[in-house]
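Student: Could you take me on a close look at the ligand site, and then at whatever else stands out in the backbone and the salt bridges?

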Amino acid sequence: MTERAYIGLGSNLADPAAQLHAALEAMAALPGSQLAGVSPFYVSDSLLPGQPRYTNAVAALDTDLAPLALLDALQAIELDQGRERLERWGPRTLDLDILLFGSQAIDVPRLQVPHYHMHARAFVLYPLADLAPDLQLPDGRLLSQMLGDCPFVGLERLPAPE
Ligand code: ROI
């Protein structure tokens, strides 16, 4: 069955915008998957002090992959783009998070969907709303409500590339 997954992308090392573009190309090439949309890119300070600023975006991916197969594929893309897991929450060349997977709620050790922290992160919610303003989470929460609780502060929306 094809499901629409929303993937959060983030990078704060090694030309972050180029990292995001390369990741989008790799995601578009995944088996049984089609890139259905990409938000604008946003730049913001790291939630942790002392790190370079992050570039973030959200992509919509229509995929026949099962959730854990998609997770494997996204982690392979992260590794391929030089991600090293030096420290938890450390700076990274590429972070790919499954935010939503259709209307499924998933809670296994490797994967929790909806992503736990998305409701509090402007750099996830605003690009997600660019793609799907009327989205509803599996538990019934409306994206529009979550936006109301998460001000657009410190986010800089980059102009669309040519
Ligand atoms: N801060 C921003 N702005 N964007 C991120 O993607 C991001 N990712 C992280 C932490 C370190 C929590 N801060 C972030 O993992």
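Tutor: Gladly; we begin with the ligand and then move out to the rest of the chain. This is a predicted model, so local features need pLDDT of at least 70 and side-chain atom pairs count only at pLDDT 80 or more, while totals for chains, interfaces and linings use all residues. Residues are numbered from 1 along each chain as its sequence is written, and side-chain values use heavy atoms, with hydrogens and water left out.

The residues around the ligand, meaning those with a heavy atom within 4 Å of it, are Ser-44, Asp-45, Ser-46, Leu-47, Gln-51, Tyr-54, Asn-56, Trp-89, Arg-92, Arg-121 and Phe-123. This shell divides into 4 nonpolar, 4 polar and 3 charged residues; here Ala, Val, Leu, Ile, Met, Phe, Trp, Tyr, Cys and Pro count as nonpolar, Asp, Glu, Lys and Arg as charged, and the others, Gly among them, as polar.

Now look at the polar contacts, which are pairs of N or O atoms within 3.5 Å. Ser-44 places a polar side-chain atom 2.8 Å from a nitrogen atom of the ligand, and Asp-45 has a polar backbone atom 2.8 Å from a ligand nitrogen. With Asn-56, a polar side-chain atom lies 2.8 Å from an oxygen atom of the ligand. Taken alone, the ligand exposes 350 Å², and the protein buries 96% of that (Shrake-Rupley method, 1.4 Å probe).

Turning to salt bridges, the count comes to 7, each being a side-chain nitrogen of Lys or Arg within 4 Å of a carboxyl oxygen of Asp or Glu. One of them joins the side chains of Asp-62 and Arg-4, at 2.8 Å from N to O. Asp-62 lies in strand β4 (residues 54–63) and Arg-4 in strand β1 (residues 3–11), so the pair ties together parts 58 residues apart in sequence. Strands (E, at least two residues) and helices (H or I, at least four) are DSSP runs, numbered from the N terminus.

Finally, the backbone: most residues other than glycine have a negative phi, and most peptide bonds are trans. Ala-14 has a positive phi near 55 degrees, and Asp-15 a positive phi near 60 degrees. Ala-14 is in the loop between β1 and α1 (16–28), and Asp-15 lies in the loop between β1 and α1. A cis peptide bond, with omega about 0 degrees, joins Val-113 and Pro-114.

Conventions. A polar contact is a pair of N or O atoms within 3.5 Å; within protein, one must be able to donate a hydrogen and the other to accept it, and residues adjacent in sequence count only if both atoms are side-chain atoms.
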